[in-house]
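Subject: Structure for your review

Dear colleague,

Please find below the structure that I am handing over to you, with its sequence. My notes on the ligand site and on the aromatic side chains come after it.

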Amino acid sequence: MTVVDQDAARTRPSDQARQAHVLRAAGVSLVLVTAPDGLPEVLHWGRDVGPVGTIDTDELLLAVGRPVSPSAFDAPWPLTVLPTERDGWEGRPGIAGHVDGLPLVPRWQDVVVVSDEGLVTVTAVSAELRLRSEIALDSAGVLRVRHAVTNHGAAAVHLQALEAVLPVGERAGEVLDLAGRWTRERTPQRRTLTHGSHARESRRGRTGHDAPTLLVLGTPGFSDDAGEVWAVHLAWSADSVHRHDVLAEARPLLGAGELLRAGEVVLGEDDTFTTPDAVFVWSDEGLDGMSARLHGSIRARPGHPRRPRPVVLNTWEAVYYQQDLAPLVALAETAADIGVERFVLDDGWFLGRRSDTTSLGDWQVDPAVWPDGLRPLVDRVRELGMEFGLWFEPEMVSPASELAAAHPEWLLQRPDDDVRTWRNQHVLDLANPAARAFVLESMSAVIGGHHVEFVKWDANRDVVHAVHEGRAGIDAHTRGVYALMDDLRRRHPWLEIESCASGGARVDLGALEHTDRVWPSDTNDAVERLAIQRWTEALLPLELIGSHVGPEVSHTTGRHLDLDFRMAVSLFGSAGIETDLTRLAPAELDRLRAWTALYRRSRALLHTGRLRHLDLGDPGLDATSVVAVDRSRALVRVARTVTGPQSLAVPVRLRGLDRSRRYRVAPATGIGVPRGLDMVPPPWLGRGWVELSGAVLEDVGVRLPMLAPATAIVLECVALD
Ligand code: GLA
């Protein structure tokens, strides 16, 4: 056995020169320490440990510096921000590839670390590459890490991986990430953290119904409101790797990066590859604490939607492909009458589109369906005081379309390849400037010509064996998709875009840099939606999550659901309606009118407040609350999906109120109160309200009626002083 010379390890002269750089915000700090040679190392990411002046780097390195274990490299080694075998790291590398067949294991020199205003920048040079890494901490305590490498030599650099990683506390013991499928997106899966380099790969060419969305490592038993968690999300709408490494000889690492196909990124001289941002968040208040930081960070973006999120009417589940002027005008009139603010004409308006078998790419109004164009409808929608929105699927082309006949060479595939269709469609190569310009011009003509305020941007297939100019093309195509979105928004600055992909297969912060809300799922079944929205909310604030009141019978599940339940679920989002209102009874329209009024009066709260999920100890219950920033008001939705073990409903204990203020708690007007299964309802409900202090509401709670499955109650709490 090797006996380590402890003194030698502690007093290496080069350690004396090491410097700490500290990022601090909102109770989080990241301590980065420069190395004698090579890239710097993150020594701490988690709770704030004070300003840089209070951190004595020498002492810190003595405290947590690495010993040398038996059967290991002979000298201590740093776990750098881009770890490779050269450092001593034998887990999944931060950077990998080859130059002329020689493995790319850069020896970084001329390392310069600069910290300024919440940003640490690391620059370095190797024989092959120049590196620029940025680690930024924003005011919500969320970190964004981005690497860029430039080839400064003549030999081509074949890049295989460039990923962001950060170390997490050794006390992490459990892993949570999300999976899913069509109409069941973002389903959590949880397991014990085990040794090894674990990579969750996504190869769907779009974000995917089963995207991990968030990879969370946490202390054992972490919950909605307790425990320490470290999470990562890749702000990217295509192939990805979310990874964690637990090796016996190092701190656990958490990270993410773009999944690069063989030959996809080959850097010629002076070419640069920049990673999407990996978004890292730590919290010691469980998953809701993590989400609060993410929501704060997202809401602080300069491009975050600031106008109130309008009540939407989407025509899809109202008329599907049956588009006719008269019934759609009647629908628009009914919609305006009950308080809808944005009318969105879904799939079926363009050349020859009567089903999902044809026409993608032919973005001209179909004269067979719209003999006078869309004008009569659009004008009526405007007269009624609503915005007008339109569905497009810009990246796609149907084999049966004029576009496919004119430009078979614009497909994102090898010309001679036999790529499987999916929903009868192929993918256009949006990295091809000519294809992109064509789509831009044809969309612009319709959007500009009708002053379309909102585009529902769909993408209804996975993208497989994608080839652009003889190389794997997902990366180039995805950047082309973003560029097209940006070009459209530049041309039509009023335009808002919804990110939809067969429902929720494009829910990520990369897409949201170029769009204004997501469509989380093709199921409007409110029972299914409760779970889908709960886990979409782990990443996104409510104002970015489209949520529509669907028909009484869900077309994805066949389930019948009461209108109050559907309205209660849709209220907590960017709300809308997706059903044929012209078939509803006047009494139902009255209920919807009262609900849109409740949404309009509550959206400022719902779209700025602090979201929390309340654990009532019953898996059949979903309890979600939003408390205003000034704690003057809160909305709480308690929904039951299946029956529970208790005969009496347990009191709901609220969180985040001002403990010293008194609140009046009452069912929100605008959504009916379910009768409940109790023989005699809880006493306060007879009177219709109860007044209690924040402390009592938090520690004792309010007993609800015994909810039947698929019913919900929405409570409003208003501070009295
Ligand atoms: C996708 C979307 C739906 C609808 C249809 C139209 O499935 O997710 O909301 O727009 O396409 O074809």
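The following paragraphs set out what was found, beginning with the ligand. Please bear in mind throughout that this is a predicted model.

Ligand site

The ligand is surrounded by 14 residues. Those that come closest are D346, D347, K456, G503 and D522. Sorted by class, this shell consists of six charged, five nonpolar and three polar residues.

Three side chains may be singled out for their polar atoms. D522 places a polar side-chain atom 2.4 Å from an oxygen atom of the ligand. For D347, the corresponding distance from a polar side-chain atom to a ligand oxygen atom is 2.6 Å. W391 also takes part: an N or O atom in its side chain is 3.1 Å from an oxygen atom of the ligand. As for the ligand's surroundings as a whole, its accessible area on its own is 310 Å², and the protein covers 96% of this.

Aromatic side chains

W391 appears again among the aromatic residues, where one cluster is formed by W349, F350, W363, W391 and F392. In total, the structure holds 12 aromatic pairs.

Two of the pairs involve W316. With Y320, W316 forms an edge-to-face pair, in which the ring centres are 5.1 Å apart and the planes make an angle of 75°. With Y321, the ring centres of W316 lie 5.2 Å apart and the planes stand at 90°, so this pair is likewise edge-to-face. The reasoning rests on the angle, since planes over 60 degrees apart count as edge-to-face.

How buried or exposed are these three residues? W316 has a relative accessibility of 15% and therefore counts as buried, the limit being under 20%. Y321 is buried as well, because its relative accessible area is 15%. Y320, at 28% relative accessibility, counts as partly exposed, because this value falls between the limits of 20% and 50%.

Charges over rings

Two arginines sit over phenylalanine rings. R190 lies over the face of F222, at 3.8 Å from the centre of the ring. The charged end of R637 is placed over the ring of F572, and here the distance to the ring centre is 4.6 Å.

Yours sincerely

Note on methods
Residues numbered from 1 in each chain as written. Predicted model: local features only at pLDDT ≥ 70, side-chain atom pairs only at ≥ 80, totals over all residues. Heavy atoms only, no water. Near = heavy atom within 4 Å. Polar contact = N/O pair within 3.5 Å; in protein donor to acceptor, adjacent residues only side chain to side chain. Areas by Shrake-Rupley, 256 points an atom, 1.4 Å probe, with all protein chains shown as cover. Nonpolar A, V, L, I, M, F, W, Y, C, P; charged D, E, K, R; others polar. Phe/Tyr/Trp six-rings, centres within 6.5 Å; stacked < 30°, edge-to-face > 60°. Buried < 20%, exposed > 50% of the residue type's maximum accessible area, 1.4 Å probe, protein only. Lys NZ or Arg CZ within 6 Å of the ring centre and 35° of its normal.
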